[in-house]
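Morning, everyone. Please have a look at the model on the screen, and then I'll walk you through it.

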Amino acid sequence: MRSRDRWLPALTIVLMAVLMGLVVRTVFDAQDRARKALENNQRTAVTQFAASMDSRITSLLSSLGGLVGPGFTLQPHDAGDQARLDQVQTLIPDARTGILLLDRDRVVTNGTLLRDPSIIGRAYDRPGLAGVISTGKPSLLPVAPGLTTALPTIAVGYPIPGPGGVVRGIYLFESDVSPESDLNKEITALGHAGGEYSFIDANGMVIVSNNPDRLAHALPHPSYGRGAPGFRRTDGLIVATADVPSAKWRLVFTQDANAFEAGLGRRVAQATTLIAFGSILFGALLIVVLARRLRAERKERQRAEEMTAAREEFISIVSHELRTPVAGVLGFLQSALDHWDQLDDQSRRHAAERACANAQRLQALTRDVLDSSAVESGGLTYAWDVVDLRGELESAVTASRDIRPDHTISLSVADTPAWVRADPDRIQQVLMNLLDNAASNAPAGTEIEVAMHAREGEVEVSVLDHGPGLSDADLDRVFEKFVRGRSTVRGTGLGLYLSREIMNAHHGRIWAAQGEGTGAVFTFALPLVAAPREPVA
């Protein structure tokens, strides 16, 4: 029983899959046959249309040939030749183009509706004229500028025979290439049936089209009109072509493939496909959801492990950093107490100063830890005032000189006040962090350069050390929490992080860069404000 319960559902699923596969195959087979039938119909329609055009042009060439005779003198401004041309022109009262006579050298001798009568007596170089003279056969000439209209034209060229069958000249009928031409009006009606029909000449220029924008231009994709005539699919289009031999034209039909196949029951095929693969997609979706959930759980666990490791490392760092200044305070005070009577006033003051410096460092470390927590909770407070940044710089440098006697700290400030809206204590905190960072990463005895410059509505303060400098990776992440760049192992990794947060609160900027020689330079910028109306203490 249990065995049957296992294989019966499986067999049912297999049978359903096979049945659905047969249904899908039948639908797509029917759709493919319908598509082929539609393609054959369109190929046949294009071929028949081209054949109809070929018959019309053959008839046209034959009928117009009766107007050409051997009686033309082909002399410029000949009255008899002009009279015969005018007589033919009156047979077409609504014509927008005229007729030309050219001698064997293609010099215009007479014409009707000429835009520039001075052309008579001059040579006319139009593509295809040489072929009419050399072959002695009438021909439809490609698109070119005409002499009887400002529009692009095609032309029918008839050879004028002479003694012994030698071509004496050419009888030329011009016809404009425009939406108003009789030939183009007939093909425009095909635009309502869908798709684009265009006749192109031997040079690939569109002569007739149900899209007026195509006239007298090459097709957007000239390759569609090349190659053997037939039916093909390319670039999401269906392209059917057929030749018009009598005119050396080609008919090009193009249509969007989706529009061409709109009636093939595509929605039925799509619905059948969705039914067939719905269950597979549902199963795949479940697998994806489970995989994402497992991946999310792994990331959460990894994040928790990273947080635990970071917390343990932070506790270790803080413990180490706090132990050093505490030991310094106790050491100097204990030494002073044990040898109080043997020490002179200067030695006692020195011990007290070193103990005070270590106590100040201990206070700074404690403040960084507390401020870091306050930043995360949004509780970091500020006491805003308008201050001269020069005074804050001088105060911070003086304090650092006392705390860091093993470094020379130089200060360069402007002669004019640099007023900023700031919290003086927080600015002092940033300055002390930058100076402490410089002293921690530069060899003893080297100089730390502090400079202030005002430019473009801002005041910039830079702190340059002569230590090992920063790597490209450190430049990008040195202001992140717990990051301690360069070769130093000192610090909690909080000073620069807090400095960035304080600068953001002051609408300022802070960044790090490589020094011109060695070392690194840390710079912050604050917007300048107007001087206060009342003196600031």
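I'll take the sheet, then its strand pairs, then one helix residue.

Keep in mind that this is a predicted model.

Start with the sheet. Five strands make it up, and the sheet is open. The order runs 2-1-5-4-3, with antiparallel pairing. Which strands stand at the edges? They are strand 2, residues 108-111, and strand 3. Each has a single partner strand, so one side of each has no neighbour in the sheet. On average, neighbouring strands are turned by 30° against each other, direction ignored.

A general reminder on pairing: strands of a sheet pair through backbone hydrogen bonds, either parallel or antiparallel.

Now the strand 2 edge. Strand 1, residues 99-103, runs antiparallel to strand 2, and 3 bridges join them. Take Leu-102 as an example: its bridge partner in strand 2 is Val-108.

Over to the other edge. Strand 3 spans residues 139-145. Is it mostly covered or mostly open? Mostly covered: 6 of its 7 residues are buried. Its partner is strand 4, residues 152-161, running antiparallel and joined to strand 3 by 5 bridges. Ala-144, for instance, has Thr-153 of strand 4 as its bridge partner. Strands 3 and 4 form a hairpin, with 6 residues between them.

Last stop, helix 7. It covers residues 345-377, and Arg-349 lies in it. Buried or exposed? Arg-349 is exposed, because its relative accessible area is 57%, and the cut-off for exposed is over 50%. Ala-336 sits 13 residues away from Arg-349 along the chain, and their C-alpha atoms are separated by 9.3 Å.

Thanks. Over to you.

Terms used
Residues numbered from 1 in each chain as written. Predicted model: local features only at pLDDT ≥ 70, side-chain atom pairs only at ≥ 80, totals over all residues. Heavy atoms only, no water. Buried < 20%, exposed > 50% of the residue type's maximum accessible area, 1.4 Å probe, protein only. Helix = DSSP H or I, 4+ residues; strand = E, 2+ residues; numbered from the N terminus. Pairing = 2+ DSSP bridges. Axes fitted to C-alpha atoms, helices over the stretch in contact; angles between N-to-C directions.
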